[in-house]
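Here are my notes on the model you sent round, as numbered points. Have the structure open while you read.

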Amino acid sequence: MIIKQGYSKGSVLMKSNENEENQTSVGITLTSHHGFTSDMDEVAWDFYLKYYGKNLCQKNQSNFLFSHKGIEIYANGDVSFNIDSTVFNKGTKLYESILKETNISEGLKDSLGVMRYSPMNISIMPKTGGLNIIKKSLGNDRFDTFAYFINQYYEGFKTPIINAGSLTMGIGNRLFLEKFLDSYKTAGEFFEDIYGIDETFVSELIESGKSLIINREDYCNYMKLACKYWELRLKQKKIKNYIDSSMIKNYQNHLNTILNEIEILENSINKQ
């Protein structure tokens, strides 16, 4: 991954003018895509470098180092709420398959697609020790369940984090991940530093992470939790300083659309 010096915030904003538009069932016209289409491409890393400031640096052409209290660890990009609306109705992914044979609006699918790789939903994750792989293995990549197990880690139950994930990774990398995680005292401190969210919402994530997602009502609640997270992130100064006012407004419109469409979906489910 090479971050080119000329790839700036301005180039991201220029891409937003080339977006397709979509008319939702609630009558709002939205642009479909910004420059953010991945958690690992040049646009994403440009965002990370600005969001994390001096705590994140580019080591060489393809490696980035994140530091906390003097401990440096290689970092990857990661999606927080990995909701893949492209496979709704297809039954090919665990949680998305819950909506199989359900009438899902194109507006909901499109807006979820926009938010998936938006600045509100992408962050760095320790690469050494494979914390992103651990997140995927615990709760099938649920962000709230990840928060639950991170909290368990800081309460003294380290096994799910240190012994989960890739079967082929050497123990040395996991021990270094443990050293990095131990530079934080609590789950709240870790989530504040990586995601910029406060302890109140971290507690909400932890509580939600205890619950099963096995039906459409559960999954609708999970999508609403994602929206709350995205709204909190959209209000962060570091994100508001990175994207312009028109992008902020458009993202807010997508969030409103998701919540409205979820309400319509919930009403249709209750009538069945």
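1. Start with the pairing of β5 and β6: strand β6 (residues 122-126) runs antiparallel to β5, and five bridges join the two. Keep in mind throughout that this is a predicted model. Two of the pairs to look up are Asp 78, which stands opposite Ser 123 in β6, and Asn 76, whose bridge partner in β6 is Met 125.

2. On its other pairing, β5 (residues 71-79) meets strand β4 (residues 64-68), again antiparallel, through four bridges. Here Leu 65 has Tyr 74 of β5 as its bridge partner, and Ser 67 stands opposite Glu 72 in β5. As background, strands of a sheet pair through backbone hydrogen bonds, in either a parallel or an antiparallel way.

3. Zooming out, these strands belong to an open sheet of four strands in the order β3-β4-β5-β6, with antiparallel pairing. The edges are β3 (56-58) and β6; each has a single partner strand, so one side of each has no neighbour in the sheet. From one strand to the next, the twist averages 45°.

4. How is β6 placed with respect to solvent, buried or exposed? Five of its five residues are buried, so β6 is largely enclosed by the rest of the structure. In a regular strand, side chains alternate between the two faces of the sheet. In β6 both faces are covered: Ile 122, Ile 124 and Pro 126 are buried on one side, and Ser 123 and Met 125 are buried on the other. So an edge position in the sheet, with one side lacking a neighbouring strand, goes along with full burial of the residues of β6.

5. β5 is also largely enclosed by the rest of the structure, because seven of its nine residues are buried. A good residue to click on is Asn 76, which lies in this strand. Its relative accessibility is 15%, so Asn 76 counts as buried, the cut-off being under 20%. Setting aside neighbours within four places in sequence, Asn 76 is in contact with Met 40, Trp 45, Ser 123, Ile 124, Met 125, Lys 127 and Asn 132. Ser 123 and Met 125 in that list are also among the buried residues of β6.

6. Helix α2 (residues 42-52) lies across β3, β4, β5 and β6, and runs at about 80° to β6.

7. Now the backbone angles. Most residues other than glycine have a negative phi. Lys 69 has a positive phi, near 50°, and is not a glycine. Its place is the loop between β4 and β5, a hairpin with two residues between the strands. With a relative accessible area of 57%, Lys 69 is exposed.

8. Asp 141 is another one to check: phi is positive, about 75°, although the residue is not a glycine. Asp 141 sits in the loop between α4 (131-137) and α5. Is this residue buried or exposed? Asp 141 has a relative accessible area of 9%, so the residue is buried. Just after α5 comes one more positive phi, of about 110°, at Gly 156.

9. That brings us to α5 itself. The helix has 12 residues and reaches 17 Å from its first C-alpha to its last, close to the 16 Å expected at 1.5 Å a residue. Of its 12 residues 11 are buried, so α5 is largely enclosed by the rest of the structure. The buried set includes Phe 143, Phe 146, Phe 149, Tyr 153 and Tyr 154, along with Asp 144, Asn 151 and Gln 152.

10. What does α5 do against α9? The axes of α5 (residues 143-154) and helix α9 (residues 199-209) come within 7 Å and cross at roughly 100°. That crossing makes α5 roughly perpendicular to α9. On the α5 side the contact is made by Phe 143, Asp 144, Thr 145, Ala 147, Tyr 148 and Asn 151, and on the α9 side by Leu 205, Ile 206, Ser 208 and Gly 209. By type, the residues of this contact are five nonpolar, four polar and one charged.

11. Last, the whole chain. The protein chain has 12 helices and six strands, and buried residues make up 53% of its 272 residues. Among contacts between residues at least 6 apart in sequence, 72% join residues at least 24 apart.

How values were computed
Residues numbered from 1 in each chain as written. Predicted model: local features only at pLDDT ≥ 70, side-chain atom pairs only at ≥ 80, totals over all residues. Heavy atoms only, no water. Axes fitted to C-alpha atoms, helices over the stretch in contact; angles between N-to-C directions. Parallel < 35°, antiparallel > 145°, perpendicular 65-115°, else oblique. Contact = heavy atoms within 4.5 Å. Nonpolar A, V, L, I, M, F, W, Y, C, P; charged D, E, K, R; others polar. Expected span 1.5 Å × (residues − 1). Buried < 20%, exposed > 50% of the residue type's maximum accessible area, 1.4 Å probe, protein only. Pairing = 2+ DSSP bridges.
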